[in-house]
2 protein chains.
Amino acid sequence: MDERKAAILRAVVETYVETAQPIGSGHIARHPDVAVSPATVRNEMVALEHEGFLYQPHTSAGRVPTDKGYRFYVDSLTPAGSLGSIERQRVSRFFADAHGAIERMLHDTSRLLAGLTDYAAVVVGPGSESASLRSVQLVGLAPRHVLVVAVLSNGVVERSTLELADEALDEQLALATAHLSAHLVGSPLADLVEPPSSGDTVTDGLATAAWRALAALPRAEPDTVFVGGTARVAESFDAVDTVRGVLVILEQQYVVVGLLRDVLDRGLNVSIGTEHGVEPLAECSVVVAPYEVDGESVGAIGVLGPTRMHYQQAMAAVALVGRQLSRALTEG
Amino acid sequence: MDERKAAILRAVVETYVETAQPIGSGHIARHPDVAVSPATVRNEMVALEHEGFLYQPHTSAGRVPTDKGYRFYVDSLTPAGSLGSIERQRVSRFFADAHGAIERMLHDTSRLLAGLTDYAAVVVGPGSESASLRSVQLVGLAPRHVLVVAVLSNGVVERSTLELADEALDEQLALATAHLSAHLVGSPLADLVEPPSSGDTVTDGLATAAWRALAALPRAEPDTVFVGGTARVAESFDAVDTVRGVLVILEQQYVVVGLLRDVLDRGLNVSIGTEHGVEPLAECSVVVAPYEVDGESVGAIGVLGPTRMHYQQAMAAVALVGRQLSRALTEG
DNA sequence: GTTGGCACTCGGTAGCATCGAGTGCCAACC
DNA sequence: GGTTGGCACTCGATGCTACCGAGTGCCAAC
């Protein structure tokens, strides 16, 4: 692909992203980066169409980029920080003010990202399966109800209520807590071995019940997903059917999780149109970034917009928020 | 309003809910509950239009119910349990299987309600301001980090992290926990008085920090809102602008909370069209029910659909889910 | 009071001409 | 030989007109 063709393709993508109208050779010829006549542009466009980068809705219309065309455009983007200083400030301020439970923070992050990009945003919370236990505590609620509070290495605080056959005294809870802490803290949640007998029946009964609850966590708690800015979907498409299809997908959290994972697994951070296999999202692109706690990747954030999206801006926003979120979670 | 006019109005509402088309006198005359000729129906319709129950989009079109028309219809509904046995079973099974944290349960409830009614569903979580403290516990995470776990009377488990200037030993945490429990448990969160000095400096320092975090909870944690079935909004309207407006409102949680509160405060459980003052929801109706924990109303659930919604079914579903949710939360 | 009859209204649809942005192709040009 | 202006052609969008039919209001008869 020679430079002139690339320039024309870029011009088509950029103009189409702005106008949502098929682009004719005349417009492109007027573009500052393309200093040739409409006729020459037309010749090049025919080639670009043959190569699959452009597509003509009908004979007498202009051209529209294909998924392949967007892909070329995205790959040719320089990762220049194209975010305005107002936006950068907004992100900084957000994370400076952030506080409270991790769930609320992730939830608010999804809204931040939606606000920055004007597309729907998705934040996938840390899954329990890779986390290890940082602290465990039994708290008596009522005579026969005990709350198990577990702090995980990924920052999540999980809790689970136990219902006992017999009453448990505070000292017994304290003993069981110590026993559990001694044997379980530091172990990954996914393969938590039952703590050995302590010799005391009551302690062992409590410990076993708590252990069972803890070991069940990875299965019991599906990945937490926060979706922000769903209303933006309705702005991106004017076919109400498309909007509905996209919203349905966004409600199916496991699909969203799978989609983000998939993109990251393939080593990408942008998935365009049909590249990801989710059929109702054929007209959508996804920009993704992972985030980390203590250097370990635990979750992902992303924005979902129409294929004709502002890639540069979206990529910059997602990357920045991902970095800042990692920092905020690691510090806290 | 004589019985025949009421029957005609009901027929118009029911037919319009099904077809979304303006209803002509001919259709109504064919309705089994209306045994008169189209001409008679027309005469009655003129009266109903004068009285503000019906509205004619243009001269040569059929009639459509106004908000006032829907209101009459809703008020004349008998509260007969119009839910199919499949749906009732689905609700029972849902609450039988329900487990885990209250937040997850409320979240899943919003999806249940959306699934039952085919409209967007909203669940407003218990607010902290009216709750009292049922249990408090300090848990050491790291040498200088302490987690405050508070169990509230409404079933919510709140947690908050303290960062200390000095290291705190486990015994000190235990002392502070006992001190806090003795003085704060049972008090409403809204006016938590600082526990009196215990004589021990470390204990008091911990207790004060924890007390501050607890007292800040009602302000720090805005009402939790769970919205399910947003995709249904796109099914209810075919103007994409309307869809967008409704979705925007659903994202503004404080508006949703205010709306539900408002409806319940006025002693209603249905708000139709412009009855609630939220302008972008002028084409929407809301069906609401409160739910309780231990006999005290702590939150609300609702569905939001187009004014031409299946009121009877929606009201039955919301009422049933509200009752069952109250039971589930009170038992657990 | 109810009903059948009838002239009238008016949105929706179909058919048709027109317009114009955009194309492909070709011959001329540098 | 690549580039360009010219030109005939395509085809969706727009606007106009005619027509259809569901539905109305009114009136006279029952």
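Start with the contacts inside chain A of this predicted model: among those with a separation of 6 or more, 61% join residues 24 or more positions apart. Color chain A by secondary structure next, and you can pick out 12 helices and 10 strands. Now zoom out and turn the chain around. Its C-alpha atoms fill a box of roughly 90 × 35 × 30 Å along the principal axes. The radius of gyration of chain A is 26 Å, well over the 20 Å that the globule rule gives for 332 residues, so the chain is more spread out than a compact globule. Buried residues account for 46% of chain A.

Next, show chain B as well and select the contact between the two chains. Chain A brings 24 residues to this contact, and chain B brings 24 residues too. On the chain A side, look for strand 4 (133-142), strand 5 (145-152), strand 6 (157-163), helix 9 (230-236) and helix 10 (240-251), each supplying at least two residues. Which of these gives the most? Helix 10 does, with six residues. Color this side of chain A by residue class and you will find 14 nonpolar, four polar and six charged residues.

For the last stop, select DNA strand C. Around DNA strand C are 20 residues, and the closest are A:Gly24, A:Ser25, B:Val36, B:Ser37 and B:Ser60. Helix 2 (25-30) and helix 3 (38-50) of chain A, along with helix 3 (38-50) of chain B, each supply at least two residues of this surface. Helix 3 of chain A has the largest share, four residues. By class, the surface near DNA strand C holds six nonpolar, 12 polar and two charged residues.

How values were computed. Residues are numbered from 1 along each chain as its sequence is written. Chains are lettered from A and ligands numbered from 1 in the order in which they are written. This is a predicted model: local features need pLDDT of at least 70, side-chain atom pairs count only at pLDDT 80 or more; totals for chains, interfaces and linings use all residues. A residue is near a molecule or strand if its C-beta atom, placed from the backbone, lies within 6 Å of it. Ala, Val, Leu, Ile, Met, Phe, Trp, Tyr, Cys and Pro count as nonpolar, Asp, Glu, Lys and Arg as charged, and the others, Gly among them, as polar. Two residues are in contact if their C-beta atoms, placed from the backbone, lie within 7 Å. The radius of gyration is taken over C-alpha atoms; the globule rule is 2.2 Å times the number of residues to the power 0.38. A residue is buried if 20 or more other C-beta atoms lie within 10 Å of its own, exposed if 12 or fewer, and partly exposed in between; C-beta atoms are placed from the backbone.
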